[in-house]
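Me: I'd like to go through this model and keep asking how each label is earned. Shall we start with the sheets?

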Amino acid sequence: MGRKSRLALAIILLLSLSSPVYAAAPKAGSKCTKAGATATSAGKKYTCIKSGKNLVWDKGVAVKKPAPVPSANPSPSETPTPSPTQKEESFTPWATSFTQKQVSDEAQKKFREWALAQPDKSGLHKFISHPDTPGKRARNFKKVDELDVKLFGQFFTKQSTTVLGSNEKWVVDQLNANGGKYKQCDDNSGNQGLNYCLDQGASQGYVITSDQDYQATHPGGDGSALLSHEYFHIVQRALLGSNIGIPTRSDANGSKDSFPVWFVEGTANFVGFSVAALALDATYWEGRPTMFQYAPQTPDVNRNTLEDYEIRNGPGNNSPTYPYIAGQLASEYLVASVGFQKMLDIWLDFKNTKNFEKSFENVVGISKDAFYSKFEAARGNLGLPPVTWKLVCLTNTLISQLPKTTPPCNYNTNASNPGEPTSPIRVSTGDIVATGSLQARATWNVTGHESYRLYVTDVVDFQKVYFETGYVNDSSNPLVIDIKGLVCKKEFRTMTEFFTEKNGKGERLVMPSFELRDLPCP
């Protein structure tokens, strides 16, 4: 064999050893000719193996398809365009069109940014809690109090004090031992097993006789937001540099330089719920729908212009209209638009101007009337119903029933202390407890009333009434009201209204938000 012939044969042998055999399509168990040879067919790779004395194809293994390599310039069909993601638009300052979540989230963003930047100035505060204070409330109140003082302690020049205990006398004694001048501690804002007191100085006390935990979706239930609300009233006085109270509007003209009650109570509501949510690892938004259900469910609630919530003098939580909800929403709108610090700066500037309207415009950059105009244009987006009521003197009247001429108003202002309630109705204590199967009893220590009405509703749907007394002429003190015919395993909300005249007439004082739960089943 010549040299060229031998070289050609060698090349053929090498190729036969290194290359897969491409004969007829292999089948598992059929004969093959070379051990170790491979062949691919129908998505499987077969290997020639020895079985006994024969060479056969094995069962084969699936061949994994390689991932496609994208080209340098892919066509639209190779890289489909992703659909755009939905993004919640941010709130624009002084906008009149937005969602409730946009304004709420923006206000909270600015509050929490402010809170994060504050120095800890808690050295001038004392927190006193008796060991027998019910545990959940004691723990939550302490967390809220600590955050309050961290944020606002910088504005105090003397000690502030918070006292918790289950015995009223002990709480009062502790408050007085720290500069207070208390005789009792028995105010109630509708929280079961919780009374409180607040003086014109820098202390507050809480008498806690039952336990309840904080719920993010029911942020007013346990009272920790109330503690922050009342503490902010102390802060307001510290910002003003005053220990004699907050000058609050009590008539249409004589106290016009003073603070509108919506601003006094609305900012305290906003701060109270905001601080409690932050201190207790919750969000303001998840509790927001329930916050606005704490108002008395009267036909006129939240249905006046913001201007009508300026005056504190008369019935209904010492105001002719209920200012807390509209004021809280106005505070949200204000903080979302200009920031939390500027809300505080209004109080600080008042020390120089002694005029709320001047300070408001100095700090915010628009007049109070311009703010009212923007607020009314935005009220529906904030969550308020349309305006259908108007305050005439101290009587809230349906706009459709307004008199053609307005009578002269006699506000009966207490000149020595603007903002001091003039209603003769006084409630010192109140409690509503279960007394048996589907029954309960309300006990009130109240004076200055001639009639009352109590009703029990669903905690969410206030139109669903389970019990109602109607208007009852009864001026007794204490006042005991038996409640019957309730439903098993359900939570209720109770409302009690007191009137200075018989048959539900005259001035009215509303005691809202008493909760009733854990009724024994038959």
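Me: In the open sheet of four strands, what is the order, and how are the strands paired?

Reply: The order is S5-S6-S8-S7, and the pairing is mixed. Before we go on: this is a predicted model, where local features need pLDDT of at least 70 and side-chain atom pairs count only at pLDDT 80 or more, while totals for chains, interfaces and linings use all residues. Residues are numbered from 1 along each chain as its sequence is written, and side-chain values use heavy atoms, with hydrogens and water left out.

Me: Why do S5 and S7 stand at the edges?

Reply: Strand S5 (125–129) and strand S7 (194–198) each have a single partner strand, so one side of each has no neighbour in the sheet. From one strand to the next, the twist averages 10°.

Me: How do you know that S5 and S6 pair, and in which sense?

Reply: Two strands pair if DSSP finds at least two bridges between them. S5 and strand S6 (residues 160–165) have five bridges, in the parallel sense, so the pair clears that cut-off. His125 stands opposite Ser160 in S6. The names themselves come from DSSP runs numbered from the N terminus: helices are H or I with at least four residues, strands are E with at least two.

Me: What makes you say that H4 packs on the sheet, and what angle does its direction make with that of S6?

Reply: Contact means heavy atoms within 4.5 Å, and helix H4 (residues 168–177) touches S5, S6, S7 and strand S8 (203–208). Its direction makes about 165° with that of S6. Axes are lines fitted to C-alpha atoms, for helices over the stretch in contact, and angles run from 0 to 180 degrees between N-to-C directions. Helix H5 (residues 224–240) also packs there, touching S5, S6, S7 and S8, and its direction makes about 165° with that of S8.

Me: Why are H2 and H9 described as roughly perpendicular?

Reply: Helix H2 (residues 100–116) and helix H9 (residues 340–353) pack at about 75°, with axes 8 Å apart. Angles under 35 degrees count as roughly parallel, over 145 as roughly antiparallel, 65 to 115 as roughly perpendicular and the rest as oblique. The two helices are therefore roughly perpendicular to each other. Lys110, Phe111 and Trp114 of H2 meet Phe340, Gln341 and Leu344 of H9. By class, that contact has four nonpolar, one polar and one charged residues. Here Ala, Val, Leu, Ile, Met, Phe, Trp, Tyr, Cys and Pro count as nonpolar, Asp, Glu, Lys and Arg as charged, and the others, Gly among them, as polar.

Me: What volume does the second largest pocket have?

Reply: About 470 Å³. Grid points are joined across faces, edges and corners, and the volume is the space filled by probe spheres set on the points.

Me: And what makes something a pocket and not a cavity?

Reply: On a 1 Å grid over the protein atoms alone, a cavity is a set of points where a 1.4 Å probe fits but cannot get out; a pocket is an open set with protein on both sides within 12 Å along at least five of seven lines, and lining residues have an atom within 4 Å of a point. This pocket has 21 lining residues, with Thr298, Asp300, Glu497, Phe499 and Arg508 nearest its centre. They divide into eight nonpolar, eight polar and five charged. The largest share, three residues, comes from S18.

Me: How do you know that S9 and S10 run antiparallel to each other as a pair, and how many bridges join them?

Reply: Four bridges join strand S9 (residues 389–392) to S10, and the two run antiparallel. Val392 stands opposite Thr395 in S10. Their hairpin has two residues between the strands, and Cys393 takes a positive phi near 55° there.

Me: Which peptide bond is cis?

Reply: The one joining Asn477 and Pro478, with omega at about 5°.
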